[in-house]
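Me: I'd like to go through this one with you, feature by feature. Could you show me how to read it?

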Amino acid sequence: MTTNLETLPASDKKSGNAGKPTNHRKPRESRGTLAFSRAQRGKSLMKHGILILAGGLMIYPLLWMVVSSLRPNEMIFREPGLWLNSLEMSNYTDGWSALTHPFGHYMINSAIVVIGSILGNLISCSMAAYAFARLQFTGKKLFFGIMLLTIMLPFHVVIVPQYILFSQIGWVNTFWPLLVPKLLATDAFFVFLMVQFIRGIPRELDEAARIDGAGHPRIFLRVILPLMVPALATTTIFTFIWTWNDFFGALIYLTDPDMFTVPVALRAFVDSQSATSWGSLFAMSIVSLLPVFLVFLFGQRFLIKGIATTGIK
Amino acid sequence: MSAISELSTLSRRKGKATAEEKKANGRDNKAAYIFLLPWLVGLVAITIGPMLMSLYLSFTDYNLLQPPEWTGLDNFTRMLTDARLHNSLGVTFTYVFIGVPLQLAVALLIALVLDKGLRGLPFYRSVFYLPSLLGGSVAVAILWKQIFGTTGLVNQVLAMFGIQGPGWISDPSTALGSIILLHVWTFGAPMIIFLAGLRQIPHMYYEAARVDGATTLQQFWRITMPMLSPIIFFNLVLQIIGSFQSFTQAFIVSGGNGGPSDSTMFFTLYLYQKGFGQFDMGYASAMAWFLLVIIGVFTAINFIASKYWVFYDD
């Protein structure tokens, strides 16, 4: 049952898992006669054809949204193509100031929630992961099992009492209901991800530090944390994307426009606009997707590694 | 190794301590609980406490203003006769049981095409993966609302061929379909997991099969599918659990009301309306527990069925 997924398409053959037999496949070019390779070339051409067609179809709506946001509004309803005659920036300037606050205000709110969530997850999940991966304690198996189960728990089961709790403390329309759960390691998925990673760090390193007189806080801070940077990076990136996109939590807890994060601001925008101002709506949608896209561009390696090793959305 | 396989090992190995655990017979209870403190507080205050609380509330009538009033099984008997709730279950089941298999089939198909040492693999992989990062956002839901609108992109393209398309999201018979399509569009994440799984299948199996004269199709059904079955299972379990909880896309595309005529009224959307629209917190809690039971039952069925089709190579 050990479906060992540590061999990743992303990490290429050379990096990382040096000692393991990572790639069972023979080099592609080395077999077959000329006729065989010609047949294969045809097949590979066909594959490229399929992939380009499928990939184009996938990405087309996004490209079209970008192009449409740079067009006069009325063209959105009758121009399915991607060519641009002129650049129309008015959608961006109109959209930026269409709501109570300039759109930047909501981006700052989102940034606060995102940064807080990242810090919370990094600190609380790495601490829990260290205990699960390295320490022996009473009830470890039980707690570990519970932790794994909470990964699969639908959040609707807790949302009503959580809302009651936070509203009684007076935290509705503050960021605390979105941040406090992260500070308390409720994203158990990341605890699991980090446990997996710490298990791969040689125990000899801990032992050496212990012989030198280091206690657990020191081993954790000086030995384990520096070595688990890739897992921390994966956590950071996923927390960024999930928190930036989080709609449900913000919808429930943030009802005051001053406190809106980007997703709820966009929702308010959709509701307030008549069906004719798609241009500025598109423009702000693209602004809202831009941070995620940038994270995707620069953090892809960690994203793919994170998904492949632990299998998440 | 996935959380799911970890859980099943945990239950299989019950009682038996591993060698590692025997060796380290010294326990660090104090240090361990200090490290676990944030997680433990979260478990009690954010997860288990609220779970029990919502179980209690599900037997009460509660609107946030007056204290909860015990009503016994009232909420549950109400659920039996709530036609909108039954409809929302139907919508959610349709979404889950069409959307998830369709998405996984596309993910597997593209992963198979991508797998065989193709040039430009990282580029293709990125293109297919990107939508699954953006798919959960409000922005993409807005885009979808336009694309499948009466004058949207899809109908503009159809018009080029002289076809007058319907208003996909304003027509009750196609609205849910366009949201299912959005789910299929995010097949990139399971595709990456499939790619990683395909890499794990030893090449010698295929070579041996080829020597024996197996066709490509035979190789697929006799080698690829059995070897990949644990990963298909893993994806299936996670995607089903996740899809039962889908909310944002239906909310944005329908403007928050699950329309037209409740055709996109997901269970979670109805729960939101009951709990946070009408502040019928008791009923919403009962619905939430019902959802937990549904998800639990389907996950259990999945695990039981897995004995008959999932192949473990160890």
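Me: Which residues have the most contacts inside the largest nonpolar core?

Reply: To read a core, look for who sits in the middle of it and who supplies it. Bear in mind that this is a predicted model. The largest nonpolar core here has 156 residues, and A128(A), A129(A), V191(A), M194(A) and I192(B) have the most contacts inside it. Helix α13 (residues 278-310) of chain A gives the largest share, 14 residues. Domain 1 (29-96) and domain 2 (103-310) of chain A both contribute residues, so this core lies between them.

Me: Take one of those residues, then. What does M194(A) touch, leaving out residues up to four places away in sequence?

Reply: With a core residue, skip the sequence neighbours and see what is left. For M194(A), that leaves C125(A), S126(A), A129(A), M228(A) and A231(A). Notice A129(A) in that list; A129(A) is also among the residues with the most contacts inside the core.

Me: And α13 of chain A: is L297(A) buried or exposed?

Reply: Being on a helix that feeds a core doesn't settle it, so count neighbours. L297(A) is in helix α13 of chain A. L297(A) has 10 C-beta neighbours inside 10 Å and therefore counts as exposed, the cut-off being 12 or fewer. As for the general idea, an α-helix has 3.6 residues a turn, so residues three or four places apart point the same way.

Me: How far apart are the C-alpha atoms of L297(A) and L51(A)?

Reply: They are separated by 20 Å, with the two positions 246 residues apart along the chain.

Me: What about the overall build of chain A: how many helices and strands does it have?

Reply: Start with the element count, then ask how much is covered and how far contacts reach along the sequence. Chain A has 13 helices and zero strands. Of its 313 residues, 40% are buried. Take the contacts in chain A between residues at least 6 apart in sequence: 75% of them join residues at least 24 apart.

Me: How is chain A divided into domains, then?

Reply: For a domain pair, check the bounds, the spacing and the contact. Chain A splits into domain 1 (29-96) and domain 2 (103-310). Their C-alpha centres lie 33 Å apart, and the contact takes twelve residues from each domain. On the domain 1 side, α1 (34-68) and α2 (90-96) of chain A each supply at least two residues. The largest share of that side comes from α2(A), with five residues. By class, the domain 1 side has five nonpolar, five polar and two charged residues.

Me: Now the two chains together. How many residues does each give to the contact?

Reply: Same approach: count, find the main contributor, then sort by class. Chain B gives 94 residues and chain A gives 84. On the chain B side, helix α3 (residues 29-57) of chain B gives the most, with 18 residues. That side has 63 nonpolar, 24 polar and seven charged residues. For the complex, the predictor gives an ipTM of 0.88 and a pTM of 0.87.

Me: Where does UniProt place the transmembrane regions of chain B?

Reply: Treat the record as one source, then check the model over the spans. The unreviewed UniProt entry lists residues 32-57, 93-114, 126-144, 175-198 and 284-305 of chain B. Residues 32-57 of chain B are 100% helix, with end C-alpha atoms 34 Å apart. Residues 93-114 of chain B are also 100% helix, and there the ends are 31 Å apart. For chain A, the unreviewed entry includes residues 106-130 and 142-166. Residues 106-130 of chain A are 100% helix, with the ends 36 Å apart, whereas residues 142-166 of chain A are 84% helix, with the ends 29 Å apart.

Me: What covers the buried residues of α14(B)?

Reply: For a covered helix, ask how many residues are buried, then look for the cover. In helix α14 (residues 267-277) of chain B, eight of the eleven residues are buried, including F267(B), Y270(B) and K274(B). The cover includes α5 (156-169) of chain A together with α5 (83-115), α13 (248-253) and α15 (281-309) of chain B. Just after α14(B), F279(B) has a positive phi of about 50°.

Me: Last one: where is confidence lowest in chain B?

Reply: Check the mean, then the extremes. Chain B has a mean pLDDT of 89, and 92% of its residues reach 70 or more. Confidence is lowest in helix α2 (residues 19-23) of chain B, at a mean of 50, and highest in helix α9 (residues 175-185) of chain B, at 95. Where pLDDT is low, the predicted coordinates should not be read in detail.

Definitions and conventions. Residues numbered from 1 in each chain as written. Chains lettered and ligands numbered in written order. Predicted model: local features only at pLDDT ≥ 70, side-chain atom pairs only at ≥ 80, totals over all residues. Contact = placed C-beta atoms within 7 Å. Helix = DSSP H or I, 4+ residues; strand = E, 2+ residues; numbered from the N terminus. Nonpolar A, V, L, I, M, F, W, Y, C, P; charged D, E, K, R; others polar. Domains from an automatic or database assignment. pLDDT = per-residue confidence, 0-100. UniProt positions renumbered as here; feature names shortened; annotations may be inferred. Buried ≥ 20, exposed ≤ 12 C-beta atoms within 10 Å, placed from the backbone. Core = buried A, V, L, I, M, F, W, Y, C linked by C-beta atoms within 7 Å.
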